[in-house]
Amino acid sequence: MSRRSLSLSTLSAIVVGLGATSAAHGAGFQLLEQNASGLGNAYAGSAANPENASIIYYNPAGMTYLPGVNVSGGINLIKPSFKFSDNGNSRNPSAPGLPGSGLSGARPTGGNGGDAGNLGAVPNLYGSWQLNEQWFIGLGIGAPFGLMTEYDDGWAGQYHSNKFEIKTINVNPSIAYKVNDKFSMGFGVNWQHIDATYKKKTVVPVALPGGRTVFTNGDADLNLKGDAWGWNVGFMLQPTEATRIGLSYRSKIKHTAKGDTDIDNIGPTGQSVSFDAKASVDLPDTLILSATHQLNEKWELLGDISWTGWSSIPDLKIRNSGTGARDDDLPLNFRDTWRIAVGTTYKFAPDWKWKFGLAYDQSPVYKAEDRPTSLPDNDRYWFSTGVQWQATKNTTLDLGYTYLYLRKTDIDTTSGNALTKGRVAGTYDSSGHIVGLQLSSRF
């Protein structure tokens, strides 16, 4: 088979990527879990709660509340669950196939794919340094986007996705200025690296004598890497001794990731071919408005509302180069989203605090026909709790837990092309668990 006779179908599931580490459970593929100290409050008050140096990510202006040198590091373990149930309407690609290819719209026979959710670890590390009474600098390292889904081999949606995994690192040097006792502002730049892997069954055309074209299949393996820059800014207002208000904004980050696609096991002869691949996507900007209020010596109230500009990804254009390669366009129709969170902290002993939080997190995917199998997302509800221990005068340890509830999620998608991808129709039963640990010290 010549290289010219081969072409790629759309690499659809890459949309979930160009993002972050191996498990996501903010809406879409956003990772809110940039510390564990806020997990117990469901990240309510995130931009107005400078408990430790991790405030660098949520609002760099908060560094002005951290005297001396501060270091904070932690990890969140995230276990999502995505269990698909076929409703009987799923179909293989409808392209006319070679004998034994399983194409031409036949019913898939490989099952529901098991649990596509996988355990992921999201680490973070921060440090801040007070230069003088007014100026502060800091550095944050984390992963604000990411996802991993992996299905059993041969499942009903194998032409949409078998495995998608993203790993990223975000490095965020920041500076803050204390204008006076009531107002501070901060600014940061972000360097972000992406490493994405995507595997699925793909349809390959075969030219027969007489000008007739039929199709067989192969195993596609896409690997992309890229670097990009963005920025963030934040402001902190303290109108009273007991009340803080934080406002922060993180810019879009335009990624152009490059790599290659290998297609193996093509047809009965098991041939292979490779293409150069490239994809560009604007990861969304975010805006957070937060507030905290110290009600009395024991109780603190927290809340915020945040907006994410997911409409920056209306579709995904894939560029494939090489003999026989072709470009494709995957419609996504992402919508902008809102998240609302409320929480409270109760100091029940001199060195102990108990944290609670609730949140509603809107998904950018809102139609069954737009829902990719690599991102079977829906609106989710956060139920969070945690404890904080003041181990010494300058050291705290946080342990948090969140249960994420999602309603049953319908999917009925061809990913824009029933000819080469087939149809996936059914329901997802999804949920998530997050456990986080954070250690923070001041010197």
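What follows is a walk through the overall build, the salt bridges and a few individual residues of a predicted model.

Starting with the big picture, the protein chain comes out with 2 helices and 20 strands. Its radius of gyration is 24 Å, close to the 22 Å that the globule rule gives for 443 residues, so the chain is as compact as a globular protein of that length. As for its extents, the C-alpha trace covers about 85 × 40 × 30 Å along the principal axes. Some 55% of the 443 residues count as buried. The contact pattern can be put in one number: take the contacts between residues at least 6 apart in sequence, and 72% of them join residues at least 24 apart.

On the outside, the accessible surface adds up to about 17,300 Å², and carbon and sulfur atoms account for 57% of that. The charge tally reads 39 positive and 39 negative side chains, with the centres of the two sets 1 Å apart.

Next come the charged pairs. Side chains of opposite charge can pair when their charged atoms come close. Searching the whole structure turns up 13 salt bridges. One of them links lysine 355 to aspartate 398, with the closest N and O atoms 3.0 Å apart. Lysine 355 sits in strand E16 (residues 352-361) and aspartate 398 in strand E18 (residues 395-406), so this pair ties together parts that are 43 residues apart in sequence. Both ends are tucked away: lysine 355 is buried at a relative accessible area of 1%, and aspartate 398 is buried at 2%. The pair also has company, as salt bridges with shared partners join Glu51, Lys355 and Asp398 into one network.

Another salt bridge runs between lysine 178 and aspartate 181, where the closest N and O atoms are 3.6 Å apart. Here lysine 178 is partly exposed, having a relative accessible area of 25%, while aspartate 181 is exposed at 64%. Lysine 163 and glutamate 165 form a salt bridge too, with 3.7 Å between the closest N and O atoms. Glutamate 165 has 16% relative accessibility and therefore counts as buried, the limit being under 20%.

Two residues catch the eye for their backbone angles. Tyrosine 43 is not a glycine, yet it has a positive phi of about 60°. This tyrosine is found in the segment before helix H1 (55-58), and with a relative accessible area of 4% it is buried. Asparagine 265, also a residue other than glycine, has a positive phi near 55°. Asparagine 265 belongs to strand E9 (residues 253-266) and counts as partly exposed, at 46% relative accessibility.

Finally, there is serine 128, a residue of strand E2 (residues 120-130). Serine 128 is buried, with a relative accessible area of 4%. Leaving aside residues up to four places away in sequence, its contacts are Ala53, Ile56, Met63, Leu66, Gly68, Val69, Asn70, Ile137 and Gly138.

Conventions. Residues numbered from 1 in each chain as written. Predicted model: local features only at pLDDT ≥ 70, side-chain atom pairs only at ≥ 80, totals over all residues. Heavy atoms only, no water. Salt bridge = Lys/Arg side-chain N within 4 Å of Asp/Glu carboxyl O. Buried < 20%, exposed > 50% of the residue type's maximum accessible area, 1.4 Å probe, protein only. Rg over C-alpha atoms; globule rule 2.2 N^0.38 Å. Contact = heavy atoms within 4.5 Å. Areas by Shrake-Rupley, 256 points an atom, 1.4 Å probe, with all protein chains shown as cover. Lys, Arg positive; Asp, Glu negative; His and termini not counted. Charge placed at Lys NZ, Arg CZ, Asp CG, Glu CD.
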